[in-house]
Number of protein chains: 4
Amino acid sequence: MAMLTDEMMSSDSNAPEDGDEAIVLLADEVTTCAQTCLACADACLSEEDVSELAQCIRLSTDCADVCEALGRLLPRLIEPNKDVIRGMIELCAMACDRCAEECERHAERHMHCSLCAEACRRCAEQCRSARQSFI
Amino acid sequence: MAMLTDEMMSSDSNAPEDGDEAIVLLADEVTTCAQTCLACADACLSEEDVSELAQCIRLSTDCADVCEALGRLLPRLIEPNKDVIRGMIELCAMACDRCAEECERHAERHMHCSLCAEACRRCAEQCRSARQSFI
Amino acid sequence: MAMLTDEMMSSDSNAPEDGDEAIVLLADEVTTCAQTCLACADACLSEEDVSELAQCIRLSTDCADVCEALGRLLPRLIEPNKDVIRGMIELCAMACDRCAEECERHAERHMHCSLCAEACRRCAEQCRSARQSFI
Amino acid sequence: MAMLTDEMMSSDSNAPEDGDEAIVLLADEVTTCAQTCLACADACLSEEDVSELAQCIRLSTDCADVCEALGRLLPRLIEPNKDVIRGMIELCAMACDRCAEECERHAERHMHCSLCAEACRRCAEQCRSARQSFI
C-alpha cells in the first residue's frame with residue numbers, strides 16, 4: 001500500500017502509532033508474495049516436469065489465498081480485530097514457510113521457484129516483525 | 001458447493017473419506033456466512049443509527065474475508081495442506097463468534113443483524129465439526 | 001446465500017423487488033461454480049495427463065476468481081453499483097463459458113471436468129437471467 | 001508485484017514481451033488502490049458524518065473487490081485469458097472512476113477520501129495504459 005496508505009495512517013489520529021511501519025511493510029509483502037506465488041504456479045504449469053510440481057502449485061495457491069486474506073484485514077486499522085488479525089498473521093507465516101520449503105526443492109531448476117521461495121521467506125519474516133503490533 | 005463437489009469427491013479415489021460430509025457442509029456454511037455478512041454490512045450502512053453500527057460493519061467484513069479465504073482452501077482436498085486449513089478453520093470460528101456477538105447486540109432492532117448472527121453461529125459450529133478432519 | 005439472504009432481502013424495504021429471485025439464485029451459482037472450479041483444478045493436478053490439463057487448470061482458476069468477485073458484489077443490493085455489477089455479470093458468463101469449453105474437451109476422461117463444465121454452464125446461464133436486474 | 005515478478009517475467013521466455021512494463025505497473029496499482037480503498041472505507045466508518053459517507057464506503061469496497069480480482073488474473077501471463085483479463089481491466093477502470101467521483105465530493109473534509117480518489121484515478125489511468133497488452 002506504500003505511500004498512500006502510509007500517508008493515510010499518518011493523517012488519521014485514531015490509527016495505532018506503534019508498529020505502523022511494520023504493518024505498512026507487511027501490507028506490501030503480502031501483496032508481492034501473493035502475486036509472486038500466482039505467477040510461480042502459472043509458470044509451473046508450463047514446465048515439462050509439471051507432474052513433479054503439483055504440490056508446489058497447490059502450496060503456492062494456498063499461500064496466495066492466505067496472503068490476500070491478510071491483505072484485506074490489514075488496512076482496517078481504526079478499531080482492529082486484533083485476535084483475528086494476529087491469527088491470520090501467524091497463519092500467513094506458516095503458509096509462506098510451507099510454500100518456500102517446497103519451492104526451494106525446485107529452485108535450482110526453475111528460476112520462478114527460486115524467486116517465489118525468496119518472496120515467501122521475506123513475507124514470513126515480516127509477519128513475525130508485525131505480529132507484535134496486534135498483541 | 002453442495003451436490004457437484006460432493007459428487008466430485010465421491011468420484012475421486014484420492015480424496016479423504018472420513019469427514020467428507022463435514023467438509024462439504026462447511027464449504028456451504030462459509031459461503032452462506034460470507035454473503036450474509038456482506039449483506040448485513042450493506043444494510044447497516046442505510047440505517048439511521050449507522051454510527052452505532054460501525055463496529056458491526058467492520059466485524060462483518062472481516063468475517064466475510066476469513067470465510068471466503070477458507071472457502072478457497074477447502075476445495076483443494078487431494079493433498080490438503082492440513083495445518084494451514086486447520087488454522088484457517090479455527091480462525092474462521094473466531095471471526096464468526098466475534099461478528100455474532102456484535103450482531104446480537106443489534107438483533108432486536110435490525111432483522112439483518114439477527115440473521116447475520118444466526119449465520120455466523122451456524123458457521124462457527126460447523127467449523128468445530130469439520131476441524132477434526134484436518135488433524 | 002440461499003435462505004438467509006433471501007429473508008434478509010424480503011425484510012429490507014429498500015432492496016430491489018424485481019429480479020430478487022434471479023439474484024439470489026446467481027449468488028448461489030457463483031459460489032458453487034467457484035468451488036467446483038477450484039476442486040477441478042486441484043483434481044487435474046493429480047492426473048497422469050496433467051500437462052494436457054494446464055490450460056484447463058488456468059481457465060478454472062480464472063473462472064473461480066471472477067465468480068468470487070461477483071459473489072462479493074451481489075450482496076450489496078441497497079444502492080447497487082449497477083454498471084459495475086452488470087459488467088461483472090457479463091464477464092462472469094464469459095469466464096464460465098471459456099472454462100466450460102475447455103473442461104468439455106476432457107469430460108469423457110475425467111469426471112471432475114464433466115462436473116465442472118456443468119457447473120460453469122449453469123452459472124453462465126444464470127448470469128444471463130440475472131443480468132436484466134441491473135439495467 | 002514489483003521486482004520479483006518483473007524478474008520472473010524476464011526469466012520466462014514464454015511471457016508476453018510487449019507491454020510487460022504496463023502490466024507490472026498495473027499489478028502494483030491495483031493492489032495499492034485496493035488497500036487504499038479498504039483503508040478509506042474503514043476511516044469513513046469513524047467519521048461523524050458517516051451517514052453521508054455510506055455510498056463512499058460502498059463504492060470503495062466494490063472498487064477494492066474489482067481491483068483484487070484483477071490482481072489475481074494479472075500474474076497468470078503464460079497463456080493469458082485475454083478477453084477475460086481485458087474485460088476485467090475495463091471494469092476496474094470503471095469501478096475506480098466511480099469511487100474517485102464519490103471520494104472527490106468528500107476530499108476537502110477528509111484526507112483519506114482525497115488520497116483514495118488519487119489512488120483510484122492513478123489505477124484507472126494505468127488500466128487504460130495496460131489494456132492494449134491484451135488485445
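D97(B) is buried in this predicted model, with a relative accessible area of 14%. Its salt-bridge partner is R128(B), at 3.3 Å from N to O, and R128(B) is partly exposed, with a relative accessible area of 49%. That pair is one small piece of the picture: a search of the whole structure turns up 64 salt bridges over all chains. Here's a quick tour of the charged pairs, the nonpolar core and the contact between chains D and C.

**Salt bridges, within and between chains**
- R128(B) and D97(B) link distant parts of their chain, 31 residues apart, with R128(B) in helix 5 (residues 111-130) and D97(B) in helix 4 (residues 82-105) of chain B.
- R58(D) pairs up with D42(B), and their closest N and O atoms are 2.7 Å apart.
- R58(D) sits in helix 3 (residues 54-73) of chain D and D42(B) in helix 2 (residues 20-44) of chain B, so this bridge joins two chains.
- Both R58(D) and D42(B) are buried.

**A charged network**
- R72(D) meets D65(C) in a salt bridge, with 2.7 Å between the closest N and O atoms.
- This one crosses between chains too, running from helix 3 of chain D to helix 3 (residues 54-73) of chain C.
- R72(D) is buried at 5% relative accessible area, and D65(C) is buried at 3%.
- The two also belong to a network of salt bridges whose members include D62(A), D65(A), R72(B), R76(B), E68(C) and R76(D).

**The nonpolar core**
- The largest nonpolar core has 196 residues, and M88(A), M88(B), M88(C) and M88(D) have the most contacts inside it.
- Setting aside neighbours within four places in sequence, M88(C) touches V66(C), A69(C), L70(C) and L73(C), along with V66(D), M88(D) and L91(D) from chain D.

**Where chain D meets chain C**
- On each side, 22 residues are in contact with the other chain.
- About 2100 Å² is buried between chain D and chain C, and carbon and sulfur atoms give 60% of that area.
- D65(D), R76(D) and N81(D) supply 24% of what chain D buries here, more than any other three residues.
- Eight salt bridges span this interface, and one between these chains joins R98(D) to D83(C) at 2.6 Å between the closest N and O atoms.
- Twelve residue pairs are in polar contact between the two chains.
- Helix 3 of chain D gives the largest share of its side, ten residues.
- By type, chain D's side divides into ten nonpolar, four polar and eight charged residues.

Note on methods
Residues numbered from 1 in each chain as written. Chains lettered and ligands numbered in written order. Predicted model: local features only at pLDDT ≥ 70, side-chain atom pairs only at ≥ 80, totals over all residues. Heavy atoms only, no water. Salt bridge = Lys/Arg side-chain N within 4 Å of Asp/Glu carboxyl O. Helix = DSSP H or I, 4+ residues; strand = E, 2+ residues; numbered from the N terminus. Buried < 20%, exposed > 50% of the residue type's maximum accessible area, 1.4 Å probe, protein only. Core = buried A, V, L, I, M, F, W, Y, C linked by side-chain atoms within 4.5 Å. Contact = heavy atoms within 4.5 Å. Buried area = accessible area lost by both parts, 1.4 Å probe. Polar contact = N/O pair within 3.5 Å; in protein donor to acceptor, adjacent residues only side chain to side chain. Nonpolar A, V, L, I, M, F, W, Y, C, P; charged D, E, K, R; others polar.
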